[in-house]
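Visitor: I am new to this structure and would like to be led through it step by step. May we begin once it is displayed?

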Amino acid sequence: MKTTNQIEFTPGVAARRHLTARTAVPLLAVIVVAGTLFAAIAFAQSAKEIRGATPYAAIENEPPPKLIVDPPLTNLLAQGVVWIQWRVENMRILTVFGKGALKASPRIGHLHVHVDDLPWWWADASNINTIDLAGMPPGPHKIRIELVDANHEVFPGQSKTVTFTVTGTGSHTH
């Protein structure tokens, strides 16, 4: 009796398997691209939705401004470095001050930043979206951030307080 190491295939089965394997990867790629494109279109926002109104046209019945403040980033908090990210809606942060600027549309303003109930504060009109403090001593702290108009008046309800604790030495060197 003679034995052979041959494997029998049903005619056409191997060809169908090869065709399926060969088309599966491109088909999967098409499905992924189509799904991604659909998701991008479904969640796409206009430039106005992301950046706000154009400065070239006055806005009728402007919605009230809104301040959004995140908790401090924890990266360097133990070393006394505090980074607090923020953003605003329905206004622009600019270095324009005074009563005349109150008539601007879209609305303009800036932030006031208060540290630990000290009697002084600073105005931040930089619009870089992060308050950066260094050298904070160990212990509990609070930062109050106010969204104000060009004449330094706080917009109603737009004051946010962030509390945190510096656990390390409070010194940071570069």
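Visitor: In what order do the elements of the protein chain run from the N terminus on?
Guide: The model shown here is predicted. In it, the protein chain holds 2 helices and 8 strands. Read from the N terminus on, the elements follow the order α-α-β-β-β-β-β-β-β-β.

Visitor: What share of the contacts in the protein chain with a separation of 6 or more is accounted for by residues 24 or more positions apart?
Guide: A contact here means heavy atoms within 4.5 Å. Among contacts in the protein chain with a separation of 6 or more, the share from residues 24 or more positions apart is 63%.

Visitor: What percentage of the residues in the protein chain is buried?
Guide: The accessible surface of the protein chain comes to about 12300 Å², and carbon and sulfur atoms hold 60% of that surface. A residue counts as buried when its relative accessible area is under 20%. Of the 174 residues in the protein chain, the buried ones make up 26%.

Visitor: Which residues lie nearest the centre of the largest pocket?
Guide: The largest pocket holds about 820 Å³ of space. Elements that give two or more residues to its lining are α2 (47-51), β2 (82-89) and β3 (92-93). The lining has 23 residues, and those nearest the centre are I50, R51, G52, V88 and M91.

Visitor: How many residues in the lining of the largest pocket are charged?
Guide: Sorted by class, the lining of the largest pocket includes 11 nonpolar and 4 polar residues. The number of charged residues in that lining is 8.

Visitor: How many residues apart in sequence are the parts that E62 and R107 tie together?
Guide: The structure holds 4 salt bridges. In one of them, the side chains of E62 and R107 meet at 3.8 Å, N to O. Because E62 lies in the loop between α2 and β1 (66-69) and R107 in the loop between β3 and β4 (108-115), the separation of the parts they tie together is 45 residues.

Visitor: Is R107 buried or exposed?
Guide: Its partner E62 has a relative accessibility of 22% and therefore counts as partly exposed. The relative accessible area of R107 is 16%, and the cut-off for a buried residue is under 20%. R107 is therefore buried.

Visitor: Which residue forms a salt bridge with D117?
Guide: D117 lies in the loop between β4 and β5 (121-124), and its partner is in strand β7 (residues 139-149), 25 residues apart. That partner is partly exposed, with a relative accessible area of 33%. The side chains meet at 2.9 Å, N to O, and the residue that pairs with D117 is K142.

Visitor: What is the phi of D117, in degrees?
Guide: Most residues other than glycine have a negative phi. D117, at 53% relative accessibility, counts as exposed. Although D117 is not a glycine, its phi is positive, at about 60 degrees.

Visitor: Which other residue, in the loop between β7 and β8, is described here?
Guide: The residue in question is partly exposed, with a relative accessible area of 35%. Its phi is near 70 degrees, a positive value in a residue other than glycine. The residue placed in the loop between β7 and β8 is H152.

Visitor: Which peptide bond is cis?
Guide: Most peptide bonds are trans. The cis bond has an omega near 0 degrees, and its proline, P106, is found in the loop between β3 and β4. The bond runs from S105 to P106.

Visitor: How far apart are the closest N and O atoms in the salt bridge of R144 with E146?
Guide: R144 is partly exposed, with a relative accessible area of 26%. E146, at 11% relative accessibility, counts as buried. The closest N and O atoms of the two are apart by 3.2 Å.

Visitor: With which residues is Q158 in contact, leaving aside its neighbours within four places in sequence?
Guide: Q158 lies in strand β8 (residues 154-166). Q158 is buried, with a relative accessible area of 10%. Leaving aside neighbours within four places in sequence, the residues in contact with Q158 are P65, K66, L67, I145, E146 and L147.

How values were computed. Residues numbered from 1 in each chain as written. Predicted model: local features only at pLDDT ≥ 70, side-chain atom pairs only at ≥ 80, totals over all residues. Heavy atoms only, no water. 1 Å grid on protein atoms, 1.4 Å probe; cavity = no way out; pocket = protein on both sides within 12 Å on 5 of 7 lines; lining within 4 Å. Points joined across faces, edges and corners; volume = space filled by probe spheres on them. Helix = DSSP H or I, 4+ residues; strand = E, 2+ residues; numbered from the N terminus. Nonpolar A, V, L, I, M, F, W, Y, C, P; charged D, E, K, R; others polar. Buried < 20%, exposed > 50% of the residue type's maximum accessible area, 1.4 Å probe, protein only. Areas by Shrake-Rupley, 256 points an atom, 1.4 Å probe, with all protein chains shown as cover.
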